[in-house]
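Trainee: May we go through this structure together? I should like to begin with a term that you use often.

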Amino acid sequence: MVTKAPPRPVPARRTPGGGAGRAVRLLLATGVVAASLVAVPQPARAEDGKSGGTTLTVAVSQSVDSLSPFLAQKLVSTSIHRLAYEYLTNYDAKDAHAIPGFATAWKSSPDKLTWTYTIRRDSKWSDGQPATAEDAAWTFTKMMTDPNAATANGSFTANFKKVSAPDPQTLVIELKKPQATMTALDVPIVPKHVWEKVADFSKFNNDRQFPIVGNGPFVITDFKVDQYIKLKPNKNFWRGAPKFDELVFKYYKDGDAAVAALQKGEVSFVPNLTPAQAAALKTQKDIKVNDAPGRRFYALATNPGARAQDGKSFGNGHKALLDPEVRKALFLAVDRTTLVDKVFQGHAVEGEGYIPPRFGSYFWQPAAAQKRAYDPTKAERILDAAGYRKNGEGRRVGKDGKPLDFRILCHATDPNDKASAKYLQEWWGKIGIGLKVECLDSVSDPWVKGDYDLAFDGWSVNPDPDYVLSIHTCGALPATPKDSGATDNFICDPQFDGLYAQQAVEYDDAKRTTLVKQMQSRLYDTGYMNVIAYPNALEAYRTDQIRSITTMPEAAGNLWGQDGYWSWWSAVPAAQASDGTSDGGSSTGVVVGIGAAVVLVVGAGVFLGLRRRSTADDRE
C-alpha cells in the first residue's frame, strides 16, 4: 500500500504473493513479453534538493555477510544489492508479476531453449559508462565458469549452455533444457569493466573501494562492519532518482536500542518488532505500525549429517538425528499452536508447508494422515519402538548407551528463538530428551562447519519458489568440506532432487504447482525441516519523517525485505509534503536524518523493558 500522497502512478515490482509465480509462468508460456512498462509511483521531490538534506535511516540487526553479489546470502545484504544493481526483470509491487528491469522485453524460441532479451538503452553505471548486454553476458558467463562466482545464485545458471551479447541491446541465453525461471532470474547484473579485474571471487567482498559502481536506484558510498551502510541516490537511474538525499542502514545489536532510537527520532524505520513492542508503539505519536502477512517461514532444522559433494562428511551433528524416527518424535513433541499464541502472540500463522500462505497456489498443507500434530504420547511410543528407552532417571538412552542430549543453535539477538527454545526444553524434557540452547551473536560459523544438532532457521521466500527449493538439493552442497555452498542445511535427498529437476523445466502452471507441492510434502516427511510458523511482518516507522512509502504487495504488504526496491525508492520525506505537514499514511518507516544511507553500531539500550526480535532473517 502507499501512504497518502498526491495522486501518482502506482509502483511495480516483485513481491511475495501467490500471483507472482503464476504471472511469471503465464508470461513464459506466451514466450514473449511486451516492452511496455507498468506505471510506478513518482514521489514528490524537494524543490532544490539541498535544504539541509534528508536521510532515511533504517535500523537493522543482521550483519552483512558480503557486499559481493556473488557471495551474499543474508537478507540485509541481498536487500542492499537490490538497491545497487539492476536485475533483468523486476516484479510489480501490486501483484508481483514480472515487469521490465534491465531488460525491456524478452521472448523465447518455440522449443524454449533460447531466450532473447532486449536491454534498455537508458541505463548507465554510476561511473558514467553505459550498461549494456555485454555486462549481463559477462555476469552470467562468470557464474557458469567460476564456481566461486556461483556461490550465492548458481542455481539460476546451472542449466545455461551459453550466454552472448551480439550487440549492446541484445542478450541471448541458450539453455541445456527448458527452464521455468527465465523471467525470474534474481541475479544482480554487475559492470564488466569493474569486476573483470577481480582475481579471486571467493575472497573479494567488494568492500574496499567506494563508491561502488552500480546501476540501481542507489549507490553504495560507505560501509563499516557492524556499524553502517550508506547509500546515495543514483541521479541517473532510468526510473527516476529516489527522493531522500541519503539512505542509511544502521546496525543495532540490541533490539531495544533500535526501538528507543525510533521513539527519539534517531531512526525512521525498525523492522522485526516483537508483539509487545508493536502494541506499545501503536499508541505513540508520529509512529505507525505495519502488521502484514509475511514472506518468511520460521523453522526448526536438524543436521542431516553435514557433507560435501566429494562425499566427505564433516561437522559434529548428533548421530541419533540421522534416525527418521527420532526426528519424527521430536517434531510430534512441538506444539506449534502454543508457539504462535505465546511466542508470536497471534502475529503469525501456524506453519506446516515450506511455502508461506501468502504465495497462494504454492502453499501446501499435509493431509490429516500425514500431519505431525502435537502428540507427545505418540512421540514416546515411537521412541520406545525405535529402541530409545528411558533409564531409571527418566532419560532417553541412545544406541550408544548415552542419554539423548541435543544442542540447538539460537540467535542471541532474537527473542523468538530464546522463547521458543524454553518451550522445547520443557516439551522434549517430558519425553526424556535433553536440550542445550546455544545462543550466539552469529550462528554462521558453526552452521557452515556442520557443528550443530538443531537450529532455528528461516528464509524469505520469493514469488517464484525455485531458489528456496534449490538450497535443499545435492547440487547446493559445498564442493569440499573447505568450500562454501548455497545449501541451507546440508540436505541431499535423491527423491527431492528428482522433483526439483522436473519443476525447473515445467512451464505449465498447474503441473509445476503440483510438483512444488510434492517437494514440500517430501521435505516434510524427511523431518529435516520443521516449519513452526509464518511470522507477520511487524515493523514501524515515523510519519513525521516519511510522508509516503510503498508496501509490497501494495495491499497489506511489507516494507522491509521486499523482492525489489519499491519501499526505499518510493519513500518521500515528510518535509517534502506540499502543505508542509507530515502524513501518517500506511507506509512503513524509514529513519530520516541528515546524511546518507547508513548502518551504525549502537550499544545496548532499553525500551520500557520490552524485547524485540532483532535477529531478523539470517538468509533471504
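Trainee: What does buried mean, and what does exposed mean?
Mentor: Buried means under 20% relative accessible area, exposed means over 50%, and partly exposed lies in between. Please keep in mind that this is a predicted model.

Trainee: Is Phe490 buried or exposed, then?
Mentor: Phe490 has a relative accessibility of 3%, so it counts as buried. The residue lies in the loop between helix H12 (466–470) and helix H13 (494–504).

Trainee: What is the phi of Phe490?
Mentor: Its phi is positive, about 65°, although Phe490 is not a glycine. Most residues other than glycine have a negative phi.

Trainee: And what about Asp226: what is its phi?
Mentor: Asp226 also has a positive phi, near 55°, and is not a glycine. It is found in the loop between S9 and strand S10 (228–233). Asp226 is partly exposed, at 29% relative accessible area.

Trainee: Changing topic, which peptide bond before Pro211 is cis?
Mentor: The bond from Phe210 to Pro211 is cis, with omega near 0°. Pro211 is in the loop between H4 and strand S9 (218–224). The bond from Met552 to Pro553 is cis as well, with omega near 0°. Most peptide bonds are trans.

Trainee: Now helix H3: how far apart are its end C-alpha atoms?
Mentor: They are 18 Å apart, which agrees with the 18 Å expected for the 13 residues (133–145) at 1.5 Å a residue.

Trainee: What covers the buried residues of H3?
Mentor: The cover includes strand S6 (114–119), strand S7 (160–167), strand S8 (170–175) and helix H4 (192–195). Among the buried residues of H3 are Trp138, Phe140 and Met143.

Definitions and conventions. Residues are numbered from 1 along each chain as its sequence is written. This is a predicted model: local features need pLDDT of at least 70, side-chain atom pairs count only at pLDDT 80 or more; totals for chains, interfaces and linings use all residues. Side-chain values use heavy atoms; hydrogens and water are left out. Helices (H or I, at least four residues) and strands (E, at least two) are DSSP runs, numbered from the N terminus. The expected span of a helix is 1.5 Å times one less than its number of residues. Buried means under 20% relative accessible area, exposed over 50%, partly exposed in between (1.4 Å probe, protein chains only). Contact means heavy atoms within 4.5 Å.
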